[in-house]
Amino acid sequence: MSIVVTGATGELGRLVIDQLLTTVPANEIAAVVRNKEKAAPLAARGVELRVADYDRPESLKDVFRAGDRVLLISGSEVGKRVPQHTAVIDAAKAAGVAQLAYTGVLGGPDADFELADEHKVTEQLILESGLPHTFLRNGWYTENYTANLAPVLEHGAVVANAGDGRVASATRADYAAAAAAALTGEGHIGAVYELSGDVAWSFAQYAAQVAKATGKEIVYKNVPAAVHQEILVGAGLPEGFAAILVDVDAAIERGLLAGTSGDLARLIGRPTTPLAETVAAAVAAA
């Protein structure tokens, strides 16, 4: 039996393996990767590499073993995730894995924004498969914002169409720690975790934190959805992806990413990382 992490060379996957290695022997961890060369640093740490591609179901045939505990990290290609996830679910069922944990989206069936659609379908597919499962419904990563500080600092403004809506974000490391806990602990089969930060913040508060960390004047500019769409496309984003981000902001305004269930802090055994800490680190690294 191994603990198997799919998408292991991605930003979240690498952090999950880092966390697992603090408590699990490396030879009990397997990383599912597309590119063996890219995953060489994992192999150097003693992690087993299993090469497969979500887009080639036949490549997944021998990736899982009976009794494995598997983390299915959702694919990053919006519009392709349902067939990709289906291939993983089918392979996991055929192998007889002991657990399939899936990184979905905060709110599950109640999340009515476009980016959530494929997550909801995937959860239903997992339920229909009959696999022992754990749903890790991740909220927003704080890094979704702090990784894009350049335009904020250039224009002195945080721009969104989220109104006074709030985001209960946490760091990728927080979510990675939760995934590791669900894979290594007991009592998580059949559990549904609504994972989010301990505190929900507004975009005005985010702007204030960036201002404090930089010593510059940073304001929050709430703009109409159509205007935000034009700004994002003008910055080089594809129209379809810009529309998804605008739709997410509208969901934020409706309060769909503000939930603070406390599940994340309970699962990782500590408070989630404060917004101010993540902003300060991002500014220092900029």
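Which residues in helix 3 meet helix 4? With the predicted model in front of you, a good place to look is the stretch 81-95 for helix 3 and 117-129 for helix 4. On the helix 3 side you will find R81, V82, H85, T86, I89 and K93, and these meet E118, H119, V121, T122, L125, I126 and S129 in helix 4.

How do these two helices lie against each other? Two packed helices are described by the angle between their axes and the distance between the axes. For helix 3 and helix 4, the axes come within 10 Å and cross at roughly 20 degrees. Angles under 35 degrees count as roughly parallel, and helix 3 and helix 4 are therefore roughly parallel to each other. Their crossing is right-handed.

Let's move to another pair, helix 1 and helix 7. Here the axes come within 8 Å, with a crossing of roughly 55 degrees, so helix 1 and helix 7 are oblique to each other. Helix 1 passes helix 7 in a right-handed crossing. Helix 1 brings E11, L12, L15, V16, Q19 and L20 to the contact, while helix 7 brings R172, A173, Y175, A176, A177, A179, A180 and T184.

From this pair we can step into the nonpolar interior. The largest nonpolar core has 36 residues, and among them L71 and L136 touch the most other members. Two or more residues come from each of strand 1 (3-5), helix 1 (11-20), strand 2 (29-33), helix 7 (172-184), strand 9 (192-195) and helix 11 (263-268). Helix 7 is the biggest contributor to this core, giving nine residues. Try centring your view on L71: leaving aside neighbours within four places in sequence, L71 is in contact with V4, V5, T6, V16, A101, T103, L136, A179 and L183. Apart from this core lies another, of 31 residues, including A111, V152, I244 and I252.

Now turn to helix 12, residues 275-285. Which of its residues are buried? They are L275, T278, V279, A282 and V283. Because they cover an arc of only 130 degrees around the axis, they sit on the same side of helix 12. The spacing has a general background: an α-helix has 3.6 residues a turn, so residues three or four places apart point the same way. On the other side of helix 12, A284 and A285 are exposed. The cover over the buried residues of helix 12 includes helix 5 (143-146), helix 6 (149-155), strand 10 (201-202) and helix 8 (203-214).

Helix 8 deserves its own look. Its axis is 9 Å from that of helix 12, and the two pack at an angle of about 45 degrees, which makes helix 8 oblique to helix 12. This crossing, too, is right-handed. The contact is made by Y206, Q209, V210, A213 and T214 of helix 8 together with L275, A276, V279, A280 and V283 of helix 12.

We can finish with one residue of helix 8, A207. Is A207 buried or exposed? Buried means under 20% relative accessible area, and at 1% relative accessibility A207 counts as buried. Not counting residues up to four places away in sequence, A207 touches V158, I218, V219 and Y220. For a sense of scale, the C-alpha atoms of A207 and Y54 are separated by 38 Å, and the two residues are 153 residues apart along the chain.

Terms used: Residues are numbered from 1 along each chain as its sequence is written. This is a predicted model: local features need pLDDT of at least 70, side-chain atom pairs count only at pLDDT 80 or more; totals for chains, interfaces and linings use all residues. Side-chain values use heavy atoms; hydrogens and water are left out. A nonpolar core is a set of buried Ala, Val, Leu, Ile, Met, Phe, Trp, Tyr and Cys residues joined through side-chain atoms within 4.5 Å. Buried means under 20% relative accessible area, exposed over 50%, partly exposed in between (1.4 Å probe, protein chains only). Helices (H or I, at least four residues) and strands (E, at least two) are DSSP runs, numbered from the N terminus. Contact means heavy atoms within 4.5 Å. The arc is that of the directions from the helix axis to the C-beta atoms. Axes are lines fitted to C-alpha atoms, for helices over the stretch in contact, and angles run from 0 to 180 degrees between N-to-C directions. Angles under 35 degrees count as roughly parallel, over 145 as roughly antiparallel, 65 to 115 as roughly perpendicular and the rest as oblique. A crossing is left-handed if the near helix is turned anticlockwise from the far one by less than a right angle, and right-handed if clockwise.
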